[in-house]
Each structure stands twice: as C-alpha cells, then as structure tokens.
Amino acid sequence: MAPFKATGEPQRVTVGHCLWCQRRTGTAFGVEAVFDQAQVESLGEAVARYRHVSDESGRWLDIEFCGRCGSNLGFTLEAVPGIRTLPAGAFDDPRWITTECHQFRHVYTRSRRDWSDLSSTVEVHEQHFRR
C-alpha cells in the first residue's frame, strides 16, 4: 500500500529527463504525477527528506522517501509553491495514469537518453526475453 493518498486528478504528468532525475531514479527519466499539495495526504509512514539544490537554477527540491524502505515518495519545489509530485510507479495501481486522460509533459529533453526510446532499432519484448 502506498504511504500516501491522492484525491482528484493530477494537473499533469511530468517526465523529467534531466541528469539529476536520471541519477535520482537510477534510470533514463523520472515520471511524476503533479498535484496541488492539498490533494495529497501522508498516511503515517516515517517520511524522510533530502533537500537538493539545483546546480543550474540554485533552487531547491525537497525529496521525500520512505524512512523504512527508501521508496521514492515525490517532491516539492521552491520554484512552484503549492504543488506536490508523486512518482507514477508508487501508486498501488498506476494504470489510471494514461496519455488519453492526462496531460503529459516531457522536460529537459536535451538530456534525454537515446536508449530509452522504444524505436524499431531496439528489441522490444512484452515479457522477459528468456521466458
């Protein structure tokens, strides 16, 4: 069960390709559902925080994670007060997040990794290839 509860629809879904998001997630990008802070409630788990200051803008992001297991719980941004992001993969059932129902926004694509593209130049398997 996710240690948070979100009500209503997100303003958008942001796919962040910046180098920091790549390091933060350990992969090619971060995917965050963006809500008004009032729409998000913590469900009592021990939340830990880390403040990251951007090398580029000098502004901070307060990243939250589970103090018990280390799972990513999203962040707040100095540049956009009043919003709260929640990682798309942290919802109990993230299938409700779709491009048909929500505005998706890719940011910092100048840092996008070519190898994250599902193009015809790479193998694509719906299940593990050793199945």
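**Exercise 1. Read off the order of the elements, then judge how compact the fold is.**

Let's start at the N terminus: the elements run β-β-α-β-β-β-β-β-β-β. Keep in mind that this is a predicted model. Next, tally them up: the protein has nine strands and one helix.

Now for compactness. The radius of gyration is 16 Å, while the globule rule gives 14 Å for 131 residues. Those values are close, so the protein is as compact as a globular protein of that length. If you'd like a box to picture, the C-alpha atoms fill one of roughly 40 × 35 × 30 Å along the principal axes.

**Exercise 2. Work out how the sheet made of S5, S6 and S7 is put together.**

Step one is a reminder: strands of a sheet pair through backbone hydrogen bonds, either parallel or antiparallel.

Step two, find the order. The three strands line up as S5-S6-S7 in an open sheet, with antiparallel pairing. Which strands sit at the edges? They are S5 (47-53) and S7 (72-77), each of which pairs on one side only. From one strand to the next, the twist averages 25°.

Step three, zoom in on one pair. Seven bridges connect S5 with S6, which covers residues 60-66. For one of the partnerships, look at Tyr 50: its bridge partner in S6 is Ile 63.

**Exercise 3. Decide whether the cysteines Cys 21 and Cys 66 are in disulfides, and say where they sit.**

First, what are we looking for? A disulfide is a covalent bond between the sulfur atoms of two cysteines. To count here, the two sulfurs must be within 2.5 Å.

Now check the structure: it holds zero disulfides. For Cys 21, the nearest cysteine sulfur belongs to Cys 18 and is 3.7 Å away, so Cys 21 misses the 2.5 Å cut-off. Cys 66 has the sulfur of Cys 69 as its nearest, at 3.7 Å, and is in no disulfide either.

Are these two buried or exposed? Cys 21 has a relative accessible area of 8%, so it is buried. Cys 66 is buried as well, at 4%.

**Exercise 4. Find the nonpolar cores and place some familiar residues in them.**

Begin with the largest core, which has twelve residues. Cys 66 from the last exercise belongs to it, and other members include Phe 4, Val 13, Phe 35, Leu 73, Leu 86 and Phe 91.

Then look for a second group. Another core of six residues lies apart from the largest one, and Trp 20, Leu 61, Ile 63 and Phe 75 are among its members. You met Ile 63 earlier as the bridge partner of Tyr 50.

Finally, take in the whole chain: buried residues make up 34% of the 131.

Key: Residues numbered from 1 in each chain as written. Predicted model: local features only at pLDDT ≥ 70, side-chain atom pairs only at ≥ 80, totals over all residues. Heavy atoms only, no water. Pairing = 2+ DSSP bridges. Helix = DSSP H or I, 4+ residues; strand = E, 2+ residues; numbered from the N terminus. Axes fitted to C-alpha atoms, helices over the stretch in contact; angles between N-to-C directions. Buried < 20%, exposed > 50% of the residue type's maximum accessible area, 1.4 Å probe, protein only. Core = buried A, V, L, I, M, F, W, Y, C linked by side-chain atoms within 4.5 Å. Rg over C-alpha atoms; globule rule 2.2 N^0.38 Å.
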